[in-house]
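Visitor: I would like a close look at a single part of this model, taken slowly enough for a first-year student to follow. Could you choose one pair of residues, begin there, and build the picture outwards?

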Amino acid sequence: VKKNPNETEFHQAVREVLESIDPVAEKHPEWVSAGIFSRIVEPERQIMFRVSWVDDSGKVQVNRGFRVQFNSAIGPYKGGLRFHPSVNLGIIKFLGFEQIFKNSLTSLPIGGGKGGCDFDPKGKSDGEIMRFCQSFMCELSKHIGADTDVPAGDIGVGGREIGYMYGMYKRLRNEFTGILTGKGLAYGGSLARTEATGYGLCYFMEEALNAKGKSFKGATVTISGSGNVSIYAAEKVQQLGGKIVAMSDSNGYIFDPAGINLDTVKQIKEVDRLRINKYVESHPTATYKDGCADIWSVKCDIALPCATQNELDGQAAQTLVANGCYAVGEGANMPSTPEAVNLFIDKKVVFGPAKAANAGGVATSALEMSQNSMRYSWSFEEVDAKLKDIMINIYKNASEAAKEYGQEDNLVVGANIAGFIKVATAMYAQGIAY
Ligand code: NDP
């Protein structure tokens with residue numbers, strides 16, 4: 001805490017992991033003496049840079065960019081870029097730290113990293129977004145590479161932004177390589193990448209629910225957010241026979257007891273880039289309320305928080321449980337506060353922690369890297385089948401690790417331990433490289 005002042009989210013993420021892996025330290029004193037535990041919490045490299053660009057009125061704007069290259073023990077750094085005004089070093093470090101274990105859980109060769117900028121894409125014109133992305137890439141291009149560090153999207157960074165950044169990289173370097181994932185299908189993207197995080201979340205949760213004799217079929221489901229993860233989680237929930245009753249954006253939430261019409265949500269958020277309150281104009285059974293945090297007061301069987309960190313607190317968790325919610329799957333990164341997580345574990349709620357449950361996005365990004373290296377692309381069905389296998393495997397590994405360490409059904413502990421062991425083994429084998 002002294003060494004990294006004001007990095008609250010980073011402290012929260014580190015505390016959770018270190019508490020979970022305590023029993024591993026007892027089994028592996030050689031890792032303790034090799035300094036693995038103190039090395040793993042220090043990024044290998046963190047880069048902060050000025051991003052200046054010119055807005056539509058001709059005014060110069062200045063933002064701060066970040067790339068934290070956290071751990072490369074098992075592969076090139078891999079993790080998204082977030083464009084949101086709340087971005088600061090502590091948030092990027094928390095996301096990069098979590099990414100190490102998540103990437104390890106996918107069983108694919110990818111290290112952990114994360115980046116972003118305090119730029120606010122809301123209300124910006126297409127030209128402003130492009131000029132900003134180009135300026136951001138001017139500096140980022142010096143630090144990434146297909147075998148070094150391969151960023152992807154996150155909040156505020158979707159296909160459009162990845163396209164602008166990729167174009168600038170190509171212009172600067174005169175090379176066509178897989179330095180970003182989440183690319184468009186016309187220039188090296190992978191089928192099913194857009195759907196991957198949301199679909200993967202549902203594959204993971206379906207496996208966890210099945211283990212308890214339950215499933216999405218016939219269940220009512222609340223999903224927070226209405227961005228990339230939320231929309232494709234909603235699509236898969238519907239395919240699996242569940243009914244979505246509520247969704248949100250950062251202003252408020254919609255409740256539709258008849259079941260949310262996803263085509264309308266996609267049109268509003270993906271095409272028109274408008275606010276979710278628009279939904280009620282074409283759906284008379286639906287109501288809209290200001291205040292996104294109140295979405296957890298809606299009665300549901302399964303909750304999928306897919307918006308942002310710490311969006312579901314202890315109070316919200318109590319309300320969910322009191323209303324009969326029996327499963328929570330984290331699509332966003334660290335959406336539940338520690339109080340909420342503890343309550344879910346205590347109350348035996350089927351709880352899929354982010355690191356494990358939302359790893360489908362990065363896993364499919366790694367599949368995009370493989371396809372780029374081969375200069376070849378797989379069909380949607382092939383990628384989706386691989387994604388499903390990966391998610392089922394993550395569930396198995398996390399639940400087996402939980403059992404082995406005497407914490408049966410605690411997937412938080414299981415995911416942290418399973419993710420950590422592979423990275424620690426690699427770091428130990430590589431000596432004191434950093
Ligand atoms: P998007 O930008 O596509 O969507 C984010 C959604 O969350 C929007 O609906 C946004 O509302 C809402 N939101 C953002 N900030 C807040 C806030 N402070 N309070 C309430 N709602 C908010 O991002 P993604 O869907 O890509 O990412 C969502 C989460 O999933 C993040 O935690 C991200 O790190 C995580 N994640 C994403 C992956 C991916 O592949 N995209 C992979 C793994 C994790 P509004 O429209 O009003 O801004």
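Guide: Let us begin with Val68, whose bridge partner in strand E4 is Lys114. Please keep in mind throughout that this is a predicted model. A second pair belongs beside the one just named, since Arg67 has Gly115 as its bridge partner in E4. In a regular strand the side chains alternate between the two faces of the sheet. The two pairs are part of a longer ladder, for strand E2, residues 60–71, and strand E4, residues 111–117, pair in the antiparallel sense over 6 bridges.

If you now turn from E4 to the pairing of E2 with strand E1, you will find that E1 and E2 also run in the antiparallel sense, and that they pair over 10 bridges. Within this pairing, Phe49 stands opposite Gly65 in E2. The hairpin of E1 and E2 has 5 residues between the strands, and in it Gly58 takes a positive phi near 90°.

With these pairings in mind, we can step back to the sheet, which is open, has 5 strands in the order E1-E2-E4-E3-E5, and shows mixed pairing. Strand E1, residues 45–54, and strand E5, residues 149–152, stand at the edges with a single partner strand each, so one side of each is left without a neighbour in the sheet. On average, and with direction ignored, neighbouring strands of this sheet are turned by 20° against each other. Two helices also belong to the picture. Helix H4, residues 89–105, packs on the sheet and touches E2, E4 and strand E3, residues 77–83, while its direction makes about 155° with that of E4. Helix H5, residues 126–140, packs on the sheet as well, touching E1, E2 and E4, and its direction makes about 145° with that of E1.

A second sheet offers something to set beside this one. It is an open sheet of 7 strands, ordered E9-E8-E7-E6-E10-E11-E12, and its pairing is mixed. Here the edges are held by strand E9, residues 287–290, and strand E12, residues 350–352; each has a single partner strand, so one side of each is left without a neighbour in the sheet. Its neighbouring strands are turned by 15° against each other on average, direction ignored. Inside this sheet, strand E10, residues 302–305, and strand E11, residues 327–329, pair in the parallel sense over 2 bridges, and Ile302 has Ala327 of E11 as its bridge partner.

Beyond the sheets, consider helix H8, residues 228–239, and helix H9, residues 262–271, which pack at an angle of about 170° with their axes 11 Å apart. H8 and H9 are therefore roughly antiparallel to each other, and H8 passes H9 in a left-handed crossing. On the side of H8 the contact is made by Ile231, Ala234, Glu235 and Gln238, and on the side of H9 by Leu262, Val265, Lys266 and Lys269. Sorted by class, this contact of H8 with H9 has 4 nonpolar, 1 polar and 3 charged residues.

H8 also leads us to the ligand, because the largest share of the shell around the ligand, 3 residues, comes from H8. There are 24 residues around the ligand, and those that come nearest are Gly225, Gly227, Ser250, Ala332 and Gly361. By class, this shell has 6 nonpolar, 15 polar and 3 charged residues.

Methods
Residues numbered from 1 in each chain as written. Predicted model: local features only at pLDDT ≥ 70, side-chain atom pairs only at ≥ 80, totals over all residues. Axes fitted to C-alpha atoms, helices over the stretch in contact; angles between N-to-C directions. Helix = DSSP H or I, 4+ residues; strand = E, 2+ residues; numbered from the N terminus. Parallel < 35°, antiparallel > 145°, perpendicular 65-115°, else oblique. Left-handed = near helix turned anticlockwise from the far one by under 90°. Contact = placed C-beta atoms within 7 Å. Nonpolar A, V, L, I, M, F, W, Y, C, P; charged D, E, K, R; others polar. Pairing = 2+ DSSP bridges. Near = placed C-beta within 6 Å.
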